[in-house]
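Dear colleague,

Please find below the sequence and the structure that I am handing over to you. I should be grateful if you would read my notes alongside them.

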Amino acid sequence: MAEIDETMMARAITLGKRGDPSPNPHVGAVICQGTEVVGEGFHQNAGHEHAEIAALQQAGIRAHGGTMYVTLEPCNHEGKTPRCVDALLAAGLKRVVVGCLDPNPHVEGGGLERLRAQGVEVKAGVGEAEAKHLILPWAKYITKSSTFVALKLAISLDGRTATRTGDSKWITCAESRARVHALRAFHDGVVIGINTVLADDPQLTVRDVSGRNPIRVIIDSNLRLPLKSHIVDTASDTPTCVFTTANGSRAIASALEAKGVNVIYVAATAEGRCDMRAVLKELAAREVVSVLCEGGAELAGSLIAGGLADELHLFIAPVLLGPRGRPGAVDWAGPESPSDAPRIEPANWQLCGNDAYVSGPLVYPRKA
């Protein structure tokens with residue numbers, strides 16, 4: 001039984017990675033009669049059927065007396081959709097196996113308790129680590145009212161981000177660039193600093209893979225975003241916002257807003273930069289669950305120094321740009337000792353074309 005439970009939960013977790021349910025969590029569900037799968041589903045979009053309901057609809061009457069494997073505790077509250085627990089009970093399921101409990105502090109919860117009270121056999125914690133990872137961005141968003149941050153960096157073998165002339169197109173290979181576009185499509189927003197806009201005039205859209213364009217977020221404490229930039233020119237087509245401080249000109253803000261850019265003022269740090277904690281709170285308030293930060297070095301440094309980057313995606317190209325190349329993908333003071341250094345743990349190493357790609361959650365020893 002334990003082996004079947006693990007196998008079916010792994011299938012549910014794989015299903016749960018599909019869809020675009022933000023600001024709701026990714027969830028997958030599988031219904032079995034013994035070892036036979038009779039129904040499965042995932043949460044495709046916010047407002048659509050939850051994974052459990054999609055699986056029940058596919059299973060039909062064959063769900064009766066069966067086992068449901070679901071990555072997240074079934075909801076016992078009404079929102080845009082009815083309670084999933086009601087549907088599970090009505091379907092006559094004999095057993096429910098859950099990956100992880102619902103961390104949402106804003107709902108009454110009690111989904112598993114209600115199932116048990118009605119005579120349903122319940123087992124929780126199967127594939128728990130993977131199930132929790134599936135909802136990691138949403139868990140931060142729902143428990144801390146702050147947006148989850150994945151930081152993307154690209155460097156040469158000798159740690160440079162551009163040549164001595166400032167040319168950075170392209171350090172990494174086509175496969176790595178496609179992977180970055182897939183990361184963009186997965187997140188609700190993509191964030192860059194104003195210096196990256198001024199240097200590269202990027203589009204920040206999804207082009208090399210299929211997927212929706214994320215919200216484009218520019219961190220610009222003095223509001224230097226050019227009205228003639230690609231980002232401003234296409235703001236009416238792709239949602240775009242810029243965060244600035246009291247130093248940002250109100251006249252420029254009005255001109256940007258006339259072009260379709262949403263200008264948001266936040267508090268400044270002692271150095272005059274946008275307070276990134278405030279930025280992440282403002283994004284969460286707008287139901288932006290997760291963002292991919294693509295630079296530059298100052299922005300990456302402020303996120304790392306503040307312990308605000310939750311996950312790192314680093315692409316290392318097998319090229320040497322030399323000691324006069326642009327140094328450092330992250331501009332910050334750094335730790336006093338290696339034991340204090342933020343690190344990826346656990347680290348997932350892959351080959352991405354000719355590049356090395358390492359990714360995983362960031363751990364900050366000083367915060368532990």
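The notes that follow go from the whole chain to its cysteines, and then to one strand residue and one helix.

Please bear in mind throughout that this is a predicted model.

Overall form. The protein chain contains twelve helices and 17 strands. Along the principal axes, its C-alpha atoms fill a box of roughly 70 × 45 × 40 Å. The radius of gyration is 23 Å, which agrees with the value near 21 Å for a compact globule of 368 residues. Of the 368 residues, 47% are buried. Among contacts with a separation of 6 or more, 71% are between residues 24 or more positions apart.

Surface and charge. The exposed area of the protein chain is about 17,300 Å², and carbon and sulfur atoms supply 51% of this area. The chain carries 37 positive and 41 negative side chains, with the centres of the two sets 4 Å apart.

Cysteines. How many disulfides does the count give? The count comes to zero. A disulfide is a covalent bond between the sulfur atoms of two cysteines. For C75, the closest cysteine sulfur is that of C84, at 3.6 Å; this is too far for a bond, because the cut-off is 2.5 Å. For C100, the closest cysteine sulfur belongs to C75 and lies 14 Å away, again too far for a bond. C75 counts as buried because its relative accessibility is 8%, under the limit of 20%. C100 is also buried, with a relative accessible area of 3%.

Residue S290. This serine lies in strand β12, which spans residues 290-293. Is S290 buried or exposed? With a relative accessible area of 5%, S290 is buried. Beyond its neighbours within four places in sequence, S290 is in contact with P137, T147, F148, H187, D188 and G189.

Helix α12. Strand β12 also appears among the packing partners of helix α12, which covers residues 297-305. The buried residues of this helix are L299, A300, G301, L303 and I304. An α-helix has 3.6 residues a turn, so residues three or four places apart point the same way. Against which elements do the buried residues of α12 pack? They pack against the strands β6 (148-156), β8 (189-193), β9 (215-219), β12 and β17 (355-363), and against helix α11 (276-285). Just after α12, G307 adopts a positive phi of about 65 degrees.

With kind regards

Methods. Residues are numbered from 1 along each chain as its sequence is written. This is a predicted model: local features need pLDDT of at least 70, side-chain atom pairs count only at pLDDT 80 or more; totals for chains, interfaces and linings use all residues. Side-chain values use heavy atoms; hydrogens and water are left out. Helices (H or I, at least four residues) and strands (E, at least two) are DSSP runs, numbered from the N terminus. The radius of gyration is taken over C-alpha atoms; the globule rule is 2.2 Å times the number of residues to the power 0.38. Buried means under 20% relative accessible area, exposed over 50%, partly exposed in between (1.4 Å probe, protein chains only). Contact means heavy atoms within 4.5 Å. Accessible areas come from the Shrake-Rupley method with a 1.4 Å probe; for residues, only the protein chains shown count as cover. Lys and Arg count as positive and Asp and Glu as negative; His and the chain ends are not counted. The place of a charge is taken as NZ of Lys, CZ of Arg, CG of Asp or CD of Glu.
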